[in-house]
Amino acid sequence: MKVAVVGPGAMGCLFAARLARGGTKTFLVDYKADRAARLNTSGVRVEDEEGVWTAKPEVVTAVPPAVDLVIVLTKAYSTGRLRFPPEVPVLTLQNGLGNVETLCSMVGSARVLVGVTSEGATALGEGHVRHAGTGATCLGAWTSSSPEEAVNALRNAGFDVEATEAPGQLVWEKVAVNAAINPLTAILNVPNGMLLELKDVRQLMRDLVVEAAKVASTEGYRFAQSLVETTEEVCRNTASNISSMLQDIRAGKPTEIDAISGEILRRAQLASLPAPRTRVVYQLVRGLEHH
Ligand code: PAF
């Protein structure tokens, strides 16, 4: 099986390195030619509980035509700029809302697979990543593409993967968690666990999750487990993590606030639902991006 992983960030490097190490012919797609050339020489370095190891996926500047699966791990704001070969299934494991709709408009919903992952990855430098925590990856067809080959490829690479019939539900669950943890950690400049320590902030985090869940319910999603509890559990399990949004702010890069809080606000507006706390954190993170 040949797999292309698009996006040389922390997650893209982790997935490409583990697929390549597991024996899958793997391409890592990096649109920046100079960086791609450097990564082809250096390989991708991973730090995990086994120590430090290097894998050599083939780094290319565009998705090669003859692959069996494309895994998209770019930031959400880049999705619309990607290009895909015809007929190949495309799996998004990205953060945020709207990626699925964008991909469906580009390649057709029958080719789109959707998943979420709770693998933790921190970028330590170019092509250098720390596997900050192991977590499950769940994926399924958006409409009709079979997830089996993708599940097998990722399992062979050592990932803990399950197929799901309801990927949209999982995307919303992850977005609700991200809509609370990511902006608050970015605004306060604290690791995830600190959100539980500060009483007023913890309440605000809960309120943000409730706002997101209300918007999800206008799209027909209902959650069996309390998303507030899920979010607090994520904070505990990733207590020392620097969230991806705070990593972006510290690195002076654009964040995914638009695909997270911004999309929640857009959908709230469509449903005439107020989401005042989401609006404030959205505005503050926008401010930080231009600081
Ligand atoms: O975006 C992130 O950083 C992660 O999704 C999460 C779960 C908030 C952990 O840091």
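**Ligand contacts and helix packing**

Starting at the ligand, a polar side-chain atom of Ser 244 sits 2.6 Å from one of the ligand's oxygen atoms. This, like everything below, comes from a predicted model. Two asparagines make similar approaches: Asn 178 places a polar side-chain atom 2.9 Å from an oxygen atom of the ligand, and for Asn 192 the distance from a polar side-chain atom to a ligand oxygen atom is also 2.9 Å. The full set of residues around the ligand runs to Asn 95, Lys 174, Asn 178, Ile 181, Asn 182, Asn 192, Val 234, Asn 241, Ser 243 and Ser 244.

Two names from that set, Ile 181 and Val 234, turn up again where helix 5 meets helix 8. Helix 5 covers residues 167–188 and helix 8 covers residues 227–237, and their axes come within 10 Å, crossing at roughly 60 degrees. An angle from 35 up to 65 degrees is neither roughly parallel nor roughly perpendicular, so helix 5 and helix 8 are oblique to each other. The crossing of this pair is right-handed. On the helix 5 side the contact uses Glu 173, Ala 176, Val 177, Ala 180 and Ile 181, and these meet Leu 227, Thr 230, Thr 231, Val 234 and Cys 235 of helix 8. Sorted by class, the contact of helix 5 with helix 8 comes out as seven nonpolar residues, two polar and one charged.

Helix 8 also packs against helix 7, which spans residues 199–218; here the axes come within 9 Å and cross at roughly 130 degrees. That angle makes helix 7 oblique to helix 8, and the crossing is right-handed. Helix 7 brings Arg 202, Met 205, Arg 206, Val 209, Val 210 and Ala 213 to the contact, while helix 8 supplies Leu 227, Val 228, Thr 231, Glu 232, Cys 235 and Arg 236. The tally for the contact of helix 7 with helix 8 is seven nonpolar, one polar and four charged residues. Leu 227, Thr 231 and Cys 235 of helix 8 are thus listed in the contact with helix 5 and in the contact with helix 7.

Back on helix 5, there is a further partner in helix 11 (residues 276–289), with axes that come within 10 Å and cross at roughly 50 degrees. Helix 5 is therefore oblique to helix 11. This time the crossing is left-handed. Pro 183, Leu 184, Ala 186 and Ile 187 of helix 5 meet Val 281, Leu 284, Val 285 and Leu 288 of helix 11. The contact of helix 5 with helix 11 holds eight nonpolar residues, with no polar and no charged ones.

Terms used. Residues are numbered from 1 along each chain as its sequence is written. This is a predicted model: local features need pLDDT of at least 70, side-chain atom pairs count only at pLDDT 80 or more; totals for chains, interfaces and linings use all residues. Side-chain values use heavy atoms; hydrogens and water are left out. Axes are lines fitted to C-alpha atoms, for helices over the stretch in contact, and angles run from 0 to 180 degrees between N-to-C directions. Helices (H or I, at least four residues) and strands (E, at least two) are DSSP runs, numbered from the N terminus. Angles under 35 degrees count as roughly parallel, over 145 as roughly antiparallel, 65 to 115 as roughly perpendicular and the rest as oblique. A crossing is left-handed if the near helix is turned anticlockwise from the far one by less than a right angle, and right-handed if clockwise. Contact means heavy atoms within 4.5 Å. Ala, Val, Leu, Ile, Met, Phe, Trp, Tyr, Cys and Pro count as nonpolar, Asp, Glu, Lys and Arg as charged, and the others, Gly among them, as polar. A residue is near a molecule or strand if one of its heavy atoms lies within 4 Å of it. A polar contact is a pair of N or O atoms within 3.5 Å; within protein, one must be able to donate a hydrogen and the other to accept it, and residues adjacent in sequence count only if both atoms are side-chain atoms.
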